[in-house]
Amino acid sequence: MKYTVLFEDNDEFAHMRPKYMADHLQFLGDNSDKIEAAGPMKDSKTQDPAGGLWIVEADNPEQVQSLVETDPFWPTGLRQSIRILEWTQVYVDGRKMI
C-alpha cells in the first residue's frame, strides 16, 4: 500500500537541517525500497519553506510512522508535525493504473 507523509517543519530548529542533511540523505538512500520519493516543499508565491513530502510503500501506517522516527531529522526537533495518508495512485507515466 502507498502512503504519503506530509511534514511541517519547526522553524525554531531550522539550523539543525545542515548539520544532519548528509545523514538524512543517507537514510533516504538506505530506505529506497520503502521511500519511493522524498523532497522539500516551498510556498509557490513566497518561496518560503513549507515542509516536506515522502511517498512510501508499506503494509500499514505504523510501519510508516516507525520509518519516520528512524530518520536522523526526527530527534532534532526539526519536524513540527507529520501527517500520514493512504494514497491510491491512479495515474503514472502517461497511463491509468486502475
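This passage describes the overall fold of a predicted model, then a strand pairing, one residue within it and a surface patch.

The protein contains two helices and six strands. Along the sequence, these elements follow the order β-α-β-β-α-β-β-β. Along the principal axes, the C-alpha atoms fill a box of roughly 45 × 35 × 20 Å. The chain has 98 residues, and 28% of them are buried. The accessible surface amounts to about 6,600 Å². Carbon and sulfur atoms contribute 52% of that surface. Contacts between distant parts of the sequence are frequent: among contacts with a separation of 6 or more, 64% link residues 24 or more positions apart.

Strands β2 and β3 were examined next. Strand β2 covers residues 35–42, and strand β3 covers residues 49–57. The two strands run antiparallel and are joined by six bridges. Together they form a hairpin, with six residues between the strands. Gln47 lies in the turn and has a positive phi of about 70 degrees. At the β2 side of the pairing, Lys42 stands opposite Pro49 of β3.

Met41 also belongs to strand β2. Its relative accessible area is 33%, so Met41 counts as partly exposed, a class that lies between the buried limit of 20% and the exposed limit of 50%. Leaving aside residues up to four places away in sequence, Met41 touches Leu6, Asp48, Pro49, Ala50, Gly51, Gly52 and Leu53. Of these partners, Pro49 is also the residue that stands opposite Lys42. Met41 is also placed relative to Glu8: the two residues are 33 positions apart in sequence. In space, their C-alpha atoms are 9.6 Å apart.

A nonpolar patch was found on the surface. Val90, Tyr91, Met97 and Ile98 form this patch. Together these residues have about 450 Å² of accessible area. Ile98 lies in the segment after β6, a strand that spans residues 95–96. The relative accessible area of Ile98 is 77%. Ile98 is therefore exposed, since the class begins over 50%. Met41 in β2, with its value of 33%, is partly exposed, whereas Ile98 is exposed.

Definitions and conventions:
Residues numbered from 1 in each chain as written. Predicted model: local features only at pLDDT ≥ 70, side-chain atom pairs only at ≥ 80, totals over all residues. Heavy atoms only, no water. Patch = residues over 30% accessible without salt bridge, like charges linked within 9 Å, V, L, I, M, F, W, Y side chains within 5 Å. Areas by Shrake-Rupley, 256 points an atom, 1.4 Å probe, with all protein chains shown as cover. Salt bridge = Lys/Arg side-chain N within 4 Å of Asp/Glu carboxyl O. Helix = DSSP H or I, 4+ residues; strand = E, 2+ residues; numbered from the N terminus. Buried < 20%, exposed > 50% of the residue type's maximum accessible area, 1.4 Å probe, protein only. Contact = heavy atoms within 4.5 Å. Pairing = 2+ DSSP bridges.
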